[in-house]
Amino acid sequence: MLREDTVDRLLVEVEQAREELVDFVTELVRIPTVNPPGEAYQECAQVIGDRLSDWGMEVEYVEPVGRPENTVAYPRVNVIGRSAGEEARPLLHLNGHFDVVPPGEGWTLDPFEGIVRNGRIYGRGASDMKSGLGAAAFAVECLRRTGIKLRGSIELSATVDEESGGMAGVASLCSTGHISSARTDYVIIPEPFGPDRICVGHKGVYWFDIVAQGRVAHGSMPHLGRSAIDDMAALVDSVRTQLKPRLSLRESKVPVVPPESATASINVNAISGGQPEGLVQTPCVADLAVATFDRRFLAEETLGDVRAEVAELVSALEAEDPGRRYTIKDRLIVEPVSAPDDSPVVRALANAIQRVRGRSPELVVSPGTYDQKHVARIAGLEHCVAYGPGPLEEAHQADESCAIDDLVTAAQTLAVAALELVG
Ligand SMILES: [Zn+2]
């Protein structure tokens, strides 16, 4: 049990750091770490590293090894700060990504000015997830300011490339053992699920191409060829009219947010066929068409079943018309992940939300994947969840923002949870 007076002092310490915390987040928002291509990463890592170092943390910069995206023009670098307690374990690792998606259209204010207005911070990354990074950093610092002696230790990493898969970011830190079940006990990723929600995991992804193989012929005599585009049209139609409705009835028992994403789904991501657009066209029957599909599956589905379902749909179409030839090619597979229900990290955050926010926490699952997949698969660590400020709905949107009250209470919640886990 945490001592009430200790928790009270900790909450006051974070509240007193409100202005500083807002300044830190706006400073990060002003660094345009746009990915792709991965701009200003070194500058942002340095700003975070300098701050952690000023606070007495031991700071290490880690360059990803052997990653092709780590180039001279767009160097990748991750930064880790360590706050050692009496013992190395238990070790809590807080991780946030500092890359942001391009601003896109529709902004009514400068996405990189770090504007504070009406109790909110505005800008690209204000929600996803520079507020989360700031909240995590101040949670650790305020534990120190309160003078609490920790039994275990805390690490904070700020990493790159989450928005493009995280291979040079968290995946790299997991591969080098910086995050590993051999030394790390708990991981919290302050992605913007909101201050009352604990995200225990995410749905699975099966990305694949289907190639339709036709036979080329002169466009004036199409009967002599076989149109791969016609065959692809039949396939896309079958996905739309048969598979999609079936998937939409398959609902997860775990509460996915937003609720519209609670079912299994499939999306046609891209389609191409025939001669490349933009070139001079010659009259030909298309002998090749390719479509890329994005199938999101539930924890209740197995990858084997998901693939078999696609294969059956393809076989049925081939059986209907013996001239049809399709090939399925896998692109990317991410299994669903979830922290165990009785995980200490879930319990600590739930208790902290109750204490700080005065509400029962909502346990949710994310429709999209994030860096938890690397922590689960590469580091082999199941006690990993996401908890952080910012409205999920504003991630990647124009006029992205985060409420300052949510930022401060999320920092308080993270600090109290950290105290329960390693205090
Ligand atoms: Zn994010």
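## Overall size and make-up

With 423 residues, the protein chain would be expected to have a radius of gyration near 22 Å if it were a compact globule, and its value of 24 Å agrees with that. Do keep in mind as you read on that this is a predicted model. Along the principal axes, the C-alpha trace spans about 85 × 45 × 40 Å.

The secondary structure of the protein chain comprises 10 helices and 16 strands. Of the 423 residues, 47% are buried. If we look at contacts in the protein chain with a separation of 6 or more, 80% of them come from residues 24 or more positions apart.

## Two domains and where they touch

The domain assignment splits the protein chain into domain 1, made of 4–202 + 337–422, and domain 2, which covers 204–334. Taken over C-alpha atoms, the centres of domain 1 and domain 2 are separated by 37 Å.

How many residues of each domain take part in the contact between them? Eight residues of domain 1 are in contact with 10 residues of domain 2. On the domain 1 side, strand S14 (residues 362–366) gives the most, with three residues. Sorted by class, that side of domain 1 has five nonpolar residues, two polar and one charged.

## Helix H6, with a bend

Let us turn to helix H6, which runs over residues 228–248. H6 has 21 residues, and from its first C-alpha to its last it reaches 28 Å, close to the 30 Å expected at 1.5 Å a residue. The helix is bent, by about 35°, at Val239.

Val239 also belongs to the buried residues of H6, together with Ala228, Asp231, Met232, Leu235 and Leu247. What covers these buried residues? Strands S9 (204–213), S10 (265–273), S11 (288–297) and S12 (326–334) are included in the cover, and so is helix H7 (303–320).

## Two enclosed helices, H4 and H10

Helix H4 (residues 126–145) has 20 residues, and 18 of them are buried, so the helix is largely enclosed by the rest of the structure. After H4 comes Gly147, a residue with a positive phi, near 80°.

Helix H10 (residues 404–422) gives a similar picture of burial: 17 of its 19 residues are buried, so H10 too is largely enclosed by the rest of the structure. Its span is also worth a look. At 1.5 Å a residue, H10 should span 27 Å, and its end C-alpha atoms are 27 Å apart, which agrees.

## Gly114 and its surroundings

Gly114 sits in the loop between strand S3 (91–97) and strand S4 (115–117). Is this loop residue buried or exposed? Gly114 has 21 C-beta neighbours inside 10 Å, and because the cut-off for burial is 20 or more, Gly114 counts as buried.

Which residues does Gly114 contact, leaving aside its neighbours within four places in sequence? They are Thr26, Glu27, Val29, Arg30 and Gly123. For a view across the model, take Glu251: Gly114 and Glu251 are 137 residues apart in sequence, and their C-alpha atoms are 40 Å apart in space.

## Backbone details in the loops

The loop between helix H2 (18–29) and helix H3 (41–54) holds Pro36, and Pro37 is found in the loop between H2 and H3 as well. The peptide bond from Asn35 to Pro36 is cis, with omega near -5°. The bond that follows, from Pro36 to Pro37, is also cis, with omega near 10°.

Another loop to inspect lies between strand S15 (384–386) and strand S16 (401–403), and His396 is found there. Although His396 is not a glycine, its phi is positive, at about 70°. His396 is partly exposed, having 16 other C-beta atoms within 10 Å. Asp399 lies in the loop between S15 and S16 too. Asp399 is likewise not a glycine, yet has a positive phi of about 55°. With 17 other C-beta atoms within 10 Å, Asp399 is partly exposed.

Methods:
Residues are numbered from 1 along each chain as its sequence is written. This is a predicted model: local features need pLDDT of at least 70, side-chain atom pairs count only at pLDDT 80 or more; totals for chains, interfaces and linings use all residues. Helices (H or I, at least four residues) and strands (E, at least two) are DSSP runs, numbered from the N terminus. The expected span of a helix is 1.5 Å times one less than its number of residues. The bend at a residue is the angle between axes fitted to the seven residues ending there and the seven starting there. A residue is buried if 20 or more other C-beta atoms lie within 10 Å of its own, exposed if 12 or fewer, and partly exposed in between; C-beta atoms are placed from the backbone. Two residues are in contact if their C-beta atoms, placed from the backbone, lie within 7 Å. Domain bounds come from an automatic or database domain assignment. Ala, Val, Leu, Ile, Met, Phe, Trp, Tyr, Cys and Pro count as nonpolar, Asp, Glu, Lys and Arg as charged, and the others, Gly among them, as polar. The radius of gyration is taken over C-alpha atoms; the globule rule is 2.2 Å times the number of residues to the power 0.38.
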